[in-house]
Amino acid sequence: MSDASAPVVHQHAPPTSFIRKWVFSLDHKVIGKQYYGLALISVFLGMILSWLMRFHLVWTNAAIPGLQLISKNGAPGGVMTPEYYLSLLTMHGTLMVFFVLTNAPFAGFGNYFLPIQVGAEDMAFPRFNMMSFWVTFLAFLVLMTSFVIPDGPPISGWTAYAPLSAVGKDAGPGLAWGQTLWAISIGLFCVGQLLGSLNFIATTLDLRTKGMTLSRLPISTWAWFITSCIGLLAFAVLLPACVLLILDRVAGTSFFIPAGLVISDRLQPHAGGSPLLWQHLFWFFGHPEVYIAIVPAVGIVSHILMASMRKPLLSVKVVYSSMIAIGFLSYMVWGHHMFLSGMNPFSGLVFSFPTLVITIPATIITMIWIGSVYGANLRFHTPCLFSLGFISVFVAGGVSGFFLAQPSLDIQLHGTYFVVGHFHMVMGVAAIFGILAGSYFWFPKMSGRMMNDTLGKLHFWITFIGVYCIFMPFHYLGLAGNVRRYSSFVNDYLQPLLPLHKFITIAAFITGAAQFIFLFNLIYSRFKGAPAPANPWDATSLEWSTTSPPPFDNFGGRHVVVYHGPNEYGVNGAHGDFIMQDSSEPAPEPVPGD
Amino acid sequence: MPTIALQTDRGVRCATQNATALSGIWVAIAAITMAFAAFTSSLIIRQGSGDDWRHLALPGVLYLNTLVLLASSLTLEIARRKDASNLASMRSWLYLTFALGIVFLGGQILAWYQLRAQGLYLATSPNSSFFYVLTVMHALHVLGGLAGFVYAIRRTLSPSLWRTATLDAAATYWHFLAGLWVYLLLVLRMRL
């Protein structure tokens with residue numbers, strides 16, 4: 001093989017020691033699993049935090065047994081204080097947005113499958129790749145430390161709005177060391193993501209195997225590539241923001257703290273800073289972050305849908321062009337999070353317009369999915385169900401975005417549960433459905449065993465109905481004027497809404513409990529599941545042309561050459577109605593009558 | 001197995017490495033550009049948000065440092081233009097580039113001491129805060145560049161493709177740092 005376009009081989013020998021093989025591994029597959037495992041721990045932690053909050057909202061004075069052991073000050077006698085509610089709110093948001101929605105669909109699956117899907121044997125910079133995970137893991141540990149220090153976790157929310165997040169302990173519990181740990185953790189997280197994005201981009205550009213042109217990249221790889229471009233520029237802005245926040249907190253600077261601020265009867269020793277500056281920096285990252293969570297899910301779902309429908313999407317190129325458009329526009333809309341911040345009303349109008357424009361590519365993608373699924377002979381396995389569920393929650397959550405994009409409506413709705421319902425559906429639940437679809441789809445490849453499909457379907461239906469029961473009523477609560485971030489609704493005009501809150505809480509407990517079915521399925525199938533063939537879904541992309549799980553160098557020393565695009569479904573192939581990308585059989589012909 | 005043996009052919013690895021190293025550097029440059037755009041945008045917004053913005057005279061040594069950094073870009077280009085028959089000369093020019101990088105960092109440290117001597121610390125005023133933040137952040141990236149040079153100097157003994165790949169990547173990054181510094185100096189000069 002003298003072809004200079006061939007992929008790079010592993011520049012590190014297969015490790016033999018436990019530490020190099022499973023802990024400080026350079027193998028992108030192990031790193032992908034590490035990211036996925038970290039996301040799994042984080043998602044269950046975040047979910048338990050949401051249970052605690054939901055319980056407290058409707059049974060405000062009831063003790064939660066054992067909670068006082070976690071925080072003596074935050075939950076004396078097991079009854080949560082309003083401040084501790086906010087601490088849990090902060091940690092729930094931070095864990096879910098950063099350590100779950102960014103880690104699993106992008107860093108987890110992307111690390112494992114991007115190199116294989118382009119025909120490479122590892123990432124471009126394996127050492128940076130290893131560093132990216134361990135820096136992220138360190139970020140997780142630093143964040144978790146805030147649970148065990150006397151100060152407790154911060155109360156300023158996952159957005160850490162200044163000046164609350166910048167002034168220190170005078171402003172409340174968690175705002176001394178807890179908030180500093182938060183800022184350090186997120187700063188570290190940014191470093192990890194930057195290293196990861198660097199690898200994803202260089203690998204996609206330079207390590208594609210022979211024949212793997214850009215137009216032959218699977219849609220999931222396109223999604224990870226676009227996401228890494230978004231993430232590269234977004235995290236590069238959040239990192240400086242965290243540096244400035246840390247300096248305000250520990251070095252006495254005044255980037256975000258205005259003059260004359262009196263908190264707890266103490267004049268703060270700062271002057272002239274701009275709280276709005278933090279919001280600009282944060283949301284310049286924060287809005288692209290929504291797409292960092294959702295674009296990989298869009299790619300994963302498109303990838304799975306084609307294997308389920310046995311035909312390509314109506315136009316794959318339009319889907320990835322729309323993803324590029326979304327990525328581009330995502331940098332122009334951050335101000336729609338700040339309609340209430342006191343910025344110039346004309347600025348609101350300027351941000352409202354691209355926000356409405358961004359719905360166009362999102363709608364195009366959705367229409368392509370629905371138009372493609374229409375009339376298809378779907379294989380209704382669990383990954384397919386979660387993919388269809390993704391479309392449903394993505395649309396249901398996205399529609400409320402049309403309302404929130406308009407400043408005149410947002411002024412009324414921004415501080416209410418309407419917004420909570422919107423972003424949980426369109427960002428949280430939709431991305432989680434993408435992650436779950438990907439989990440059921442790729443588990444056989446990652447573990448060499450199949451997951452139980454019956455348990456998977458049970459998990460899907462409880463989750464699908466459950467999330468609608470939880471998050472659709474949020475929209476109604478918001479329209480009824482239910483403010484968010486309150487820790488209880490006793491003795492005020494919100495009392496009539498309590499029965500609905502109780503319904504949501506019960507739905508949250510049931511839906512959350514259903515996630516343990518998934519966890520059980522994951523662990524049980526890992527050891528006792530039926531052995532997985534190399535290509536259980538009759539799919540076309542390169543990960544299915546190697547063994548399950550793939551060998552250390554991904555293709556067992558074979559130099560893969562790509563002859564076909566990734567969407568050759570519904571054709572007369574040698575092995576069925578599909579042709580694999582590395583199959584040397586002739587160009588496909590459409591199935592007669594299709 | 002012959003396939004494996006062929007796949008580890010160094011020529012192939014070098015060719016691919018050349019591309020990935022350069023791509024990696026350009027991607028890193030995009031991220032660093034974005035980060036400094038965020039820092040300097042913050043400076044402009046912060047200047048307009050309070051009435052505590054006080055003029056700050058830049059330490060004169062900064063201009064000398066600028067010349068040193070630009071000179072290091074020049075010596076680096078001379079090193080890159082040496083062919084394989086003149087490796088000793090190439091290494092000498094690389095050592096000189098490295099030394100100029102160290103001199104630049106030393107000059108920056110001197111500038112910080114000069115500001116301290118005037119009673120201007122990190123938290124004294126927004127101007128001094130931004131001065132320290134921007135210059136320290138740039139210096140940290142210069143340290144990264146110097147680490148790259150250590151690697152590049154070691155690689156001068158490797159086959160030509162390896163050498164070129166590393167040198168191209170290190171040089172692209174170093175020139176970017178010089179350009180970035182000129183931009184920062186202009187911002188500091190006009191805004192502080």
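1. Let's start with A:Gln581 in this predicted model. Leaving out neighbours within four places in sequence, A:Gln581 has contacts with A:Met212, A:Arg216 and A:Pro218. The list also takes in A:Thr540, A:Ser541 and A:Leu542, and then A:Val561, A:Val562, A:Tyr563, A:His564, A:Gly565 and A:Pro566. You'll find A:Gln581 in the segment after β4 (576–578) of chain A. Its relative accessibility is 0%, so A:Gln581 counts as buried.

2. Next, have a look at A:Ser274. This residue sits in the loop between β2 (266–267) and α8 of chain A. Is A:Ser274 buried or exposed? With a relative accessibility of 8%, A:Ser274 is buried, because buried means under 20%. Apart from residues up to four places away in sequence, A:Ser274 touches A:Phe255, A:Phe256 and A:Ile257, and from chain B it touches B:Ile45, B:Arg46 and B:Ser49. So that you can get a feel for distances, try A:Ser274 and A:Trp544: they are 270 residues apart along the chain, and their C-alpha atoms are separated by 53 Å.

3. A:His414 is another loop residue to click on. Its place is between α12 (407–413) and α13 (417–447) of chain A. A:His414 has a relative accessible area of 16% and is buried, because the cut-off for that word is under 20%. Which residues does A:His414 touch, not counting those up to four places away in sequence? They are A:His337, A:Leu340, A:Val419 and A:Arg484.

4. Now for the nonpolar core. The largest one has 247 residues, and those with the most contacts inside it are A:Phe98, A:Phe256, A:Met323, A:Trp369 and A:Phe390. Helix α8 (residues 275–309) of chain A gives the largest share of this core, with 22 residues. You have met A:Phe256 already, as one of the residues that A:Ser274 touches.

5. Let's zoom in on A:Met323, one of the residues with the most contacts inside that core. If you set aside its neighbours within four places in sequence, A:Met323 is in contact with A:Ile219, A:Trp222, A:Ala223 and A:Ile226. Its other contacts are A:Val295, A:Val298, A:Gly299 and A:Ile365.

6. Zoom out to chain A as a whole. The secondary structure here comes to 15 helices and four strands. The radius of gyration of chain A is 24 Å, close to the 25 Å that the globule rule gives for 594 residues, so chain A is as compact as a globular protein of that length. Along the principal axes, its C-alpha atoms fill a box of roughly 80 × 50 × 45 Å. Buried residues make up 64% of the 594 residues. Of the contacts in chain A with a separation of 6 or more, 77% are between residues 24 or more positions apart.

7. What about the surface and charges of chain A? The accessible surface is about 21,000 Å², and carbon and sulfur atoms account for 70% of it. There are 26 positive and 23 negative side chains, with the centres of the two sets 6 Å apart.

8. Finally, chain B. How many helices and strands does chain B have? The tally is six helices and zero strands. Of the 192 residues in chain B, 53% are buried. Among its contacts between residues at least 6 apart in sequence, 82% join residues at least 24 apart. The accessible surface of chain B is about 8,600 Å², with 67% belonging to carbon and sulfur atoms.

Methods: Residues are numbered from 1 along each chain as its sequence is written. Chains are lettered from A and ligands numbered from 1 in the order in which they are written. Side-chain values use heavy atoms; hydrogens and water are left out. A nonpolar core is a set of buried Ala, Val, Leu, Ile, Met, Phe, Trp, Tyr and Cys residues joined through side-chain atoms within 4.5 Å. Buried means under 20% relative accessible area, exposed over 50%, partly exposed in between (1.4 Å probe, protein chains only). Helices (H or I, at least four residues) and strands (E, at least two) are DSSP runs, numbered from the N terminus. Contact means heavy atoms within 4.5 Å. The radius of gyration is taken over C-alpha atoms; the globule rule is 2.2 Å times the number of residues to the power 0.38. Accessible areas come from the Shrake-Rupley method with a 1.4 Å probe; for residues, only the protein chains shown count as cover. Lys and Arg count as positive and Asp and Glu as negative; His and the chain ends are not counted. The place of a charge is taken as NZ of Lys, CZ of Arg, CG of Asp or CD of Glu.
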